[in-house]
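Open the model in your viewer and keep the selection tool ready. The tour moves from stop to stop, with a selection to make at each one.

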Amino acid sequence: MAAVQDGQLNLEVEKDIKTEITNDGSGNINASSSSPGSTSSGGKSKSPAGSGEDQQTLLAVLQFLKRNKLTESVDILRREAGLSADADDSPVSESAGAGSGGVPSVGADGGDANSLLSRVSIATPVAPPATAPPKVVAASGGEDQPDVNVVLSAYSQQGDPVLYPLYYNGLKKFIESVLDCHRAELSQVFYPLFVHMYLELVYNNHENEAKQFFEKFSGDQECYYEEDLRILSSMSKKEHMKGNETMLDFRTSKFVLRISRDSYQLLKRHLQERQNNQIWNIIQEHLYIDIFDGMPRSKSQIDAMSGSLAGEGKRDANKAKVFYGLLKEPEIEVPLDDEDEEAENEEGKPKKKKPKKDSMGSKSKKQDPNAPQQTRIPLPELKDSDKLDKIMNMKEATKKIRLGPDNLPSICFYSFLNAYQGLTAVDFTDDSSLIAGGFADSTVRVWSVTPKKLRRVKSAADLSNIDKESDDVLERIMDEKTASESKILYGHSGPVYGISFSPDRNYLLSSSEDGTVRLWSLQTFTCLVGYKGHNYPVWDTQFSPYGYYFISGGHDRVARLWATDHYQPLRMFAGHLADITCTRFHPNSNYVATGSADRTIRLWDVLTGNCVRILTGHKGPIHSLAFSPNGKFMASGATDGRVLLWDVGHGLMVGELKGHTDTIYALKFSRDGEILASGSMDNTVKLWDTLKAFDDVELDDFTAATGHIHLPENSQELLLGTYMTKSTPVIHLHFTRRNLLLAAGAYNP
């Protein structure tokens, strides 16, 4: 049935009664009265002689009851309808039509239900009244009622192919004639209707009519559906539809349209007056109309949110509370530097840096009201080495440069020269000491970018000779003979597409076309575990900010949450309609964001496994995601060359940054979240003023409920700088702890 909040539209208003045979999805046959205005069959029902269509329906019902030996029901129905005893044995006319609302499907009652439904769906329509446009009268039945495939069954309901363009054109003229304020909203109906009418024609073997329909109306669709239409045009025969992923997407997901109540009433009234069953059947079967009270949205507001494979996200999908605040940091005493102690001795008073350190150390000790409970998900305990690292981090943070429009970061670019192996992924450690690259030749390579070389742990025999109580035991266990600037890790059997260092720099994750995610030790430079759960290429993987957990996503459209000590995934996040192309953990590790080729971003709750946000607005597959350090905002980049900014709490788009001319593969917020860096295949790095972008945004409950967002056209004001490379696409960005920007890519001569 239609997923429309206002209930089903009554198309047969002028009739006293219309008994419909419908299929409730499980193969059960229901006889239902049509409109609230019609009388029940026990009231003043007319003789079926008044309507050929009703008569055919009644005969089909009688035959069905008779076959199932329900003689008492047969007698009662015959008496009520005033039929003679042999009337139900008369042959049913074999001309097909779309007058009935039922969709044939293979029922639980096997042949009986099937024959009944096929007869109902090919009942002969009566001659229409002069005022209404002609109802659909179709070609001969028989061959046009094929065995119904489960997935494609919706398209076996068919009408006269010649009338499809007339129906579509009629609706188009109506929408073009309505007031401007409603036109933009109602125009959203064009694309899903066009797709499903075309697929119906193809499924029912009307190839020429389908081709003409496509050529006539494909030019009317929005430019951002161009790629979908190209794929659609290649499906010109029924055989092409079976097993086609795009086809399955259109068939299984309801296209979501967000329309104001006033605009919806206009559409409803128009279809009611025209008795346009064919279009209404498609709206019922394949669209979800999300109705809101309030002013209709403008064309620019609709365009900002449109473009995904299945329309906009439902408003209900973004209502769940998201705890986007940061977790309380453990209290760690920060010792003074040697330099500071010297300065204190010389001058007899501490340096000014000291209070700054203290404030930094205690900055996140207050519990954020928007933060999840500390124990909401189990997180690994801090080891001594982690505490030391945090102390180092805090010390570095005191020397951090405060960035802003007047104080832009320096950018250090790592160009991979002669990368004939094909560089496909890059990652830096948090302390910027190591860089790793994934390559198309299935190798993973790790480099040290500090003077400290990479060393392996000694063999077990050598380790047994070491004094474990010595102060420098961590140095002694390393084998100096193995010291080198880089290491190559072999193990994958396909290109490596995703790579991620653990926060403690002891492990490295890599995901590959071979369907596995591998965990490598950076002490021994060997593979520790191969995680097998995906059946197809894994496009991305990322460690949690706290380590232990990691996320992976790939061609099978399912993101998986893993823990390093479990062979099987802990959670599987299913819902995307196309490949998951990028994955990111929220800074508090309670949520995971996934970007997909279906042009949507989903936010998943790690604890429950539920999808808590569906964000639409990109016009191409999404290839990069980044959370702001405070966890409140998110940025996304796609093949459409736009960076979109999102408010995670409200689930709303709050900004659009235009400037790149190619796919954006890298996004990163500075350590304070004041600047966003974006890197693209157009060989540029751009810096954006996010502080200004987020300060300009005013969100209220009405905006969140209706999606009336007003995106300022201020990309040029927010753009702080553009930095060209000679000929190197940018595939990764990283801010050091002191806010120096590192970028990486493979030189493309």
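How many bridges join E33 to strand E34 (residues 719–724)? Five, and the two strands run antiparallel. Keep in mind throughout that this is a predicted model.

**Stop 1: strand E33 and its partners**

Select residues 684–689, which make up strand E33. Six of the six residues are buried, so E33 is largely enclosed by the rest of the structure. Check the two faces in turn. Thr684, Lys686 and Trp688 lie on one side, and all are buried. Val685, Leu687 and Asp689 lie on the other side, and they are buried as well.

Now add E34 to the selection. Find Leu687 in E33: Gly721 in E34 stands opposite.

Next, add strand E32, residues 675–680. Here too, five bridges make the link to E33, and the strands run antiparallel. Pick Trp688 in E33 and look across to Leu676, which stands opposite. Then follow the backbone through the turn. E32 and E33 form a hairpin, with three residues between them. Stop at Asn683 in that turn, where phi is positive, at about 70°.

**Stop 2: the sheet E23-E24-E25-E26**

Select four strands in the order E23-E24-E25-E26. They form an open sheet with antiparallel pairing. Which strands stand at the edges? They are E23 (580–585) and E26 (611–616). Each has a single partner strand, so one side of each is left without a neighbour in the sheet. Look along the sheet to see the twist: neighbouring strands are turned by 20° against each other on average, direction ignored.

Is E23 mostly covered or uncovered? Mostly covered: five of its six residues are buried. Add strand E24, residues 591–596, which pairs with E23 in the antiparallel sense over five bridges. Label Thr583 and Thr594: the latter is in E24, and the two stand opposite each other. The hairpin of E23 and E24 has five residues between the strands. Ser589 in this hairpin takes a positive phi near 70°.

Move to the other end of the sheet. Strand E25 covers residues 600–605, and five bridges join it to E26 in an antiparallel arrangement. Pick Ile601 and find its bridge partner in E26, Leu615.

**Stop 3: the sheet E19-E20-E21-E22**

Another open sheet of four strands comes next, in the order E19-E20-E21-E22. Its pairing is antiparallel. The edge strands are E19 (538–543) and E22 (571–574), and each pairs on one side only. From one strand to the next, the twist averages 20°.

Zoom in on E20 (residues 549–554) and E21 (residues 558–563). Five bridges join these antiparallel strands. Show the side chains of Phe550 and Trp562: Trp562 is in E21, and Phe550 stands opposite.

**Stop 4: two helices**

Leave the sheets and select helix H6 (residues 190–203) together with helix H8 (residues 226–233). They pack at an angle of about 10°, with their axes 11 Å apart. That angle makes H6 roughly parallel to H8.

Show the side chains where they meet. From H6, take Tyr191, Phe194, Val195, Tyr198 and Leu199. From H8, take Asp228, Leu229, Leu232 and Ser233. Colour the contact by residue class: seven are nonpolar, one is polar and one is charged.

**Stop 5: the nonpolar cores**

Which residues touch the most other members of the largest nonpolar core? Phe194, Phe213, Leu232 and Ile283 do, out of 44 residues. Several elements each supply at least two residues, including helix H4 (164–177), helix H7 (207–217), helix H11 (261–274) and strand E7 (287–292). H6 gives the most to this core, with eleven residues.

Then jump to another core, which lies apart from that one. It has 20 residues, among them Leu603, Leu625, Phe627 and Met653.

**Last stop: the whole chain**

Clear the selection and zoom out. The protein chain has 21 helices and 36 strands. Of its 749 residues, 53% count as buried. Finally, draw the contact map. Among contacts with a separation of 6 or more, 63% come from residues 24 or more positions apart.

Definitions and conventions. Residues are numbered from 1 along each chain as its sequence is written. This is a predicted model: local features need pLDDT of at least 70, side-chain atom pairs count only at pLDDT 80 or more; totals for chains, interfaces and linings use all residues. Side-chain values use heavy atoms; hydrogens and water are left out. Two strands pair if DSSP finds at least two bridges between them. Axes are lines fitted to C-alpha atoms, for helices over the stretch in contact, and angles run from 0 to 180 degrees between N-to-C directions. Angles under 35 degrees count as roughly parallel, over 145 as roughly antiparallel, 65 to 115 as roughly perpendicular and the rest as oblique. Contact means heavy atoms within 4.5 Å. Ala, Val, Leu, Ile, Met, Phe, Trp, Tyr, Cys and Pro count as nonpolar, Asp, Glu, Lys and Arg as charged, and the others, Gly among them, as polar. A nonpolar core is a set of buried Ala, Val, Leu, Ile, Met, Phe, Trp, Tyr and Cys residues joined through side-chain atoms within 4.5 Å. Buried means under 20% relative accessible area, exposed over 50%, partly exposed in between (1.4 Å probe, protein chains only).
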